[in-house]
Amino acid sequence: MVNVLHGSDATFYYGMDSNQSKLVNGILLGAIGAVILVTLLTIIGDLYAPLKNLLKDAHYHHWVGKGVWAAVLFVIIVFGYILGAKNSNKKITDKLLKILSCVAIISAVALILFFVYEFSHT
Amino acid sequence: MIPFFKTLLIAHVIFGVIGTMAIYGVLLATLKKTPSLKFLKCASLVTFASFIISWFSGGYYYVLYYGDMVKPRILAGQYPWAHKIATEAKEHIFLFLPFMALALMAVLWRMGDQLTTNEVLRKRVALLAGAITILAVFVTLAGIVISGSAR
């Protein structure tokens, strides 16, 4: 029989091991940060040429620059969360899973619409 | 095209498809009430590793070959939107996938034993697997469009 946690049982269960879920929550938060950064660098870089040129000059290609900075931000957020988060539990994991899924889909749609708009106006 | 770039392109496609199949497997498994944890751990690892290999092989090909040899041909052809929309969207959305796959793998490897008892967690994992599947299928379809327009 499958047990599903509700109410006070779930609260007790969720709060049981905050240290165990710190790494997972840090990685989820880092992934959210990386997705948002890639989206912002892409859209702002296409609208403001100096930013795209800066990424290109520093990393040979603007695409490489976006990947490198997304990875750097990811690592900073993961370690920052592990070292700095005072309260981390599975309830936060559930929320971060939902946020990451939504942010990724919204960012992807935003990028597609942005490139369609750019193409139709050039 | 020299054999080196051909190999990179083939590796990019094959590992991209393997990763997409593996994440679809994770999605289907997490929709069950009692998913096999062994399968989920294995499939999430295959997804992450495949996306990383596809990322590096495709990235190397894209930066050193596509921009000079393929992009001008597409822009001068009948379907310039294939680069301006499909390639541009694909190359950036692809950057999301390794981070998302790593996050999914971390959840399954560290908390996977709770999937059968915590329905909320199982549904959220299925949601993330679904989001990755949608983006991976989009990237795959965009790749087909780009290949077709370059011929």
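Q: In what pattern do the elements of chain B run from the N terminus on?
A: Chain B runs α-α-α-α-α. This is a predicted model, in which local features need pLDDT of at least 70 and side-chain atom pairs count only at pLDDT 80 or more, while totals for chains, interfaces and linings use all residues. Residues are numbered from 1 along each chain as its sequence is written, chains are lettered from A and ligands numbered from 1 in the order written, and side-chain values use heavy atoms, with hydrogens and water left out.

Q: What makes a stretch of chain B count as a helix?
A: A helix is a DSSP run of H or I with at least four residues, a strand is a run of E with at least two, and both are numbered from the N terminus. By that rule chain B comes to five helices and zero strands. Chain A likewise has five helices and zero strands, in the pattern α-α-α-α-α. As for the dimensions of chain B, its C-alpha atoms fill a box of roughly 55 × 30 × 20 Å along the principal axes.

Q: How do you know which residues take part in the contact of chain B and chain A?
A: Contact means heavy atoms within 4.5 Å. The interface takes 40 residues from chain B and 45 residues from chain A. In chain B, α2 (37–76), α3 (81–93), α4 (96–111) and α5 (119–150) each supply at least two residues of the side that touches chain A. The largest share of that side, eleven residues, comes from α5(B).

Q: What makes 27 residues on that side of chain B nonpolar?
A: It goes by residue type: Ala, Val, Leu, Ile, Met, Phe, Trp, Tyr, Cys and Pro count as nonpolar, Asp, Glu, Lys and Arg as charged, and the others, Gly among them, as polar. Sorted this way, the side of chain B that touches chain A has 27 nonpolar, seven polar and six charged residues.

Q: What is meant by the area that chain B and chain A bury?
A: Buried area is the accessible area (1.4 Å probe) that two parts lose on being put together, summed over both. Here that comes to about 3,900 Å², 78% of it on carbon and sulfur atoms. In chain B, Phe96(B), Phe99(B) and Arg110(B) lose the most area to chain A, together 17% of what that side buries.

Q: Why is a set of residues called a nonpolar core?
A: The name goes to buried Ala, Val, Leu, Ile, Met, Phe, Trp, Tyr and Cys residues joined through side-chain atoms within 4.5 Å. "Buried" is under 20% relative accessible area, exposed is over 50%, and partly exposed lies in between (1.4 Å probe, protein chains only). The largest core here has 70 residues, and those with the most contacts inside it are Leu100(A), Phe96(B), Met100(B) and Leu104(B). Take Leu100(A): leaving aside neighbours within four places in sequence, Leu100(A) is in contact with residues including Leu28(A), Val35(A), Met100(B) and Leu128(B). For background, nonpolar side chains in soluble globular proteins tend to be buried together. Buried residues make up 54% of the 151 residues in chain B and 42% of the 122 residues in chain A.

Q: Why is the pair of Arg122(B) and Glu119(B) called a salt bridge?
A: A salt bridge needs a side-chain nitrogen of Lys or Arg within 4 Å of a carboxyl oxygen of Asp or Glu. The closest N and O atoms of Arg122(B) and Glu119(B) are 3.8 Å apart, so the pair passes that limit. Lys123(B) pairs with Glu119(B) too, at 3.4 Å, and the three residues are linked in a network of salt bridges. Arg122(B) and Glu119(B) both lie in helix α5 of chain B, three residues apart, about one turn of the helix.

Q: Is Arg122(B) buried or exposed?
A: Arg122(B) has 7% relative accessibility, so it counts as buried. Glu119(B), at 21%, counts as partly exposed, and Lys123(B), at 49%, also counts as partly exposed.

Q: How many salt bridges does the whole structure have?
A: Three, over all chains. One of them joins Lys52(A) and Asp46(A), with the closest N and O atoms 3.0 Å apart. Between chain B and chain A the count is zero.
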